[in-house]
Amino acid sequence: MLINPPTQVLLKEFETVVVPCKASGEPQPTYTWKKNKKDFNMAGRHGRHILTVPHEGTLVFKQPKRKDAGIYQCFANNSYGVAISGIVELRFAFLNPYTVSILKTITALPGASLLLSCNKPTSYPEANVSWLLKHNNGSTKAFNFTERILMDHEANLVFVNVQEEDSYKDTAYVCVASNMFARAFTVGKPIFLKTLPEQPKDHQLHILSASPNEMVFLKGDTVKLECIFGGQ
C-alpha cells in the first residue's frame, strides 16, 4: 500500500512544506523520486533545504526556493516490485509587487464614463484585488462599489458616469492586490480624479467592459457573465 501525495502542493517562502510518500512492504521499501520525468538525486541535499523522513519517501522542503517547483513522482521499490505514486505538482506561491510610480491625475467631464486601470500584478494563485481610497496623510478606507461605480473582470475601476462627488481633493483611488498563500500584498499607484467644472452632459450608451468571447469552465461551476455600459 502506498500513501500518495496530493495532486498539487503550494511552496511558500520561509515555510516548511511536506510532500508525503510512504509504502508498506516486506522487505522494507526503498524510495526514489523523479522531477519533471528525470531522476531526482537526493544525494548531497541532506542537511540542506530538502530532507527525507527516515524509512519513508516523504520529502521535507525547508525554506523552499523557486527552483523547487516542478512535477514530482515517488517510487517505492523492494524485491517484489515497484509501487508508483500519483503525480504531484509543486508550484511556488508568489505575488509580483507593483513598481514604484509617481502620482497620476485624471480629469473627466461630469456625466462621461471612465475606466481606472488596475494593471493587476502577476500572482499564483490568482491575487485578490480591491480598491481603496488613500488620503494624503497615508490613511486608507475601503471603497464601496455601487451600481454606478464597479470593478470589471480585469479589476479595473469602471465609472458608468462620473459625478462631481467622485472627485476628492486630498484622496486618491488605489488598486490593492493580495495573495494569502504567499502572505503578500502590493499597492498600485495612487490615481487622483478631477472633475471639470462643467454641467453634466448626456452621453450615448456604449460598452465599457464585457466578458471574453470564449470562456472555459467545468460543469457545476458558477459563471459570471459581465456587461457594463456607460452613458447618461
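**Two disulfides, a small sheet and two cores**

Let me open with cysteine 21, which is buried, with a relative accessible area of 0%, where buried means under 20% relative accessible area, exposed over 50%, and partly exposed in between, with a 1.4 Å probe and protein chains only. Before going on, I should say that this is a predicted model, in which local features need pLDDT of at least 70 and side-chain atom pairs count only at pLDDT 80 or more, while totals for chains, interfaces and linings use all residues. Residues are numbered from 1 along each chain as its sequence is written, and side-chain values use heavy atoms, with hydrogens and water left out.

Cysteine 21 forms a disulfide with cysteine 74, the sulfur atoms being 2.0 Å apart; a disulfide here is a pair of cysteine sulfur atoms within 2.5 Å. The torsion about the S-S bond is about -80°, so this disulfide is left-handed. Cysteine 21 sits in the loop between β3 (17-19) and β4 (22-23), and cysteine 74 in strand β9 (residues 70-78), so the pair ties together parts that are 53 residues apart in sequence. Strands, I should add, are DSSP runs of E with at least two residues, numbered from the N terminus. Cysteine 74, at 0% relative accessibility, also counts as buried.

A search of the whole structure finds two disulfides, and the other one joins cysteine 118 to cysteine 175, with an S to S distance of 2.0 Å. With -60° about the S-S bond, this link is left-handed, and it connects the loop between β14 and β15 (123-124), where cysteine 118 lies, to strand β20, which holds cysteine 175, 57 residues apart. Both cysteine 118 and cysteine 175 are buried.

Turning to the sheet, we have an open arrangement of three strands in the order β14-β19-β18, paired antiparallel, where pairing requires that DSSP finds at least two bridges between two strands. β14 (114-116) and β18 (149-151) stand at the edges with a single partner strand each, so one side of each is left without a neighbour in the sheet. Between β14 and strand β19 (residues 157-159) there are three bridges, and leucine 114 stands opposite phenylalanine 159 in β19.

Those two residues return in the largest nonpolar core, where, of 22 residues, Leu114, Leu116, Trp131, Leu157, Phe159 and Tyr173 touch the most other members. A nonpolar core is a set of buried Ala, Val, Leu, Ile, Met, Phe, Trp, Tyr and Cys residues joined through side-chain atoms within 4.5 Å. A second, separate core of 19 residues includes Leu11, Ile50, Phe61 and Leu90.

How values were computed:
Helix = DSSP H or I, 4+ residues; strand = E, 2+ residues; numbered from the N terminus.
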